[in-house]
Amino acid sequence: MRIVDHTTPDGPDKILHIRSIGCDVNIIIGTHHPDGTPFTTIEVLPHEPDDDGVRWEHIGSANVVVTPAADRSNSGAAIDPALDLHTESC
């Protein structure tokens, strides 16, 4: 296992791109909703086709958004899951 720290201000680029068998995975860190709430996006991009001509497909959602959970004990607000959080990736 390899751990890459993307939480420090002087950390590496804010897009982590992982190549794997059958897919690429992008983790996009430091994206913000217009209200200022930070979120992270994880994209799974199946190879269509791969180098051997095999077509891969995803089962389930290809995009996941990670955002702070609603905290009822203080004024911290979470992003409404119904909002459009689509981000552009490379």
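Here are three short exercises with worked solutions on strand β2 and a buried loop residue.

The model is predicted, so local features need pLDDT of at least 70 and side-chain atom pairs count only at pLDDT 80 or more, while totals for chains, interfaces and linings use all residues. Residues are numbered from 1 along each chain as its sequence is written, and side-chain values use heavy atoms, with hydrogens and water left out.

**Exercise 1. Find the strands that pair with β2, and say in which sense they do so.**

Step 1. Strands are DSSP runs of E, at least two residues long, numbered from the N terminus. Two of them pair if DSSP finds at least two bridges between them.

Step 2. Take β1 (residues 15–20): it pairs with β2 in the antiparallel sense over six bridges. Ile-18 stands opposite Val-25 of β2. The hairpin has two residues between the strands, and Gly-22 takes a positive phi near 90° there.

Step 3. Now turn to β3 (residues 38–46), which pairs with β2 in the antiparallel sense over eight bridges. Here Val-25 stands opposite Val-44. This hairpin has five residues between the strands, with Gly-36 at a positive phi near 95°.

**Exercise 2. Work out why β2 counts as largely enclosed, and how Ile-27 is classed.**

Step 1. Buried means under 20% relative accessible area, exposed over 50%, and partly exposed in between (1.4 Å probe, protein chains only).

Step 2. Seven of the 10 residues of β2 are buried, so the rest of the structure largely encloses this strand.

Step 3. Ile-27 lies in β2. Because its relative accessibility is 23%, Ile-27 counts as partly exposed.

**Exercise 3. Asp-24 and Asp-50 are buried: which side chains make polar contacts with theirs?**

Step 1. A salt bridge needs a side-chain nitrogen of Lys or Arg within 4 Å of a carboxyl oxygen of Asp or Glu. Asp-24, in β2 (residues 23–32), has none; the nearest side chain of opposite charge, Arg-19, is 4.0 Å away. For charge, Lys and Arg count as positive and Asp and Glu as negative, leaving out His and the chain ends.

Step 2. A polar contact is a pair of N or O atoms within 3.5 Å; within protein, one must be able to donate a hydrogen and the other to accept it, and residues adjacent in sequence count only if both atoms are side-chain atoms. The side chain of Asp-24 makes one with the side chain of His-47 (3.0 Å).

Step 3. Asp-50 sits in the loop between β3 and β4 (63–66). This residue has no salt bridge either, with Arg-55 at 9.8 Å as the nearest side chain of opposite charge. The side chain of Asp-50 makes a polar contact with that of Trp-56 (2.9 Å).

Key: Helices (H or I, at least four residues) and strands (E, at least two) are DSSP runs, numbered from the N terminus.
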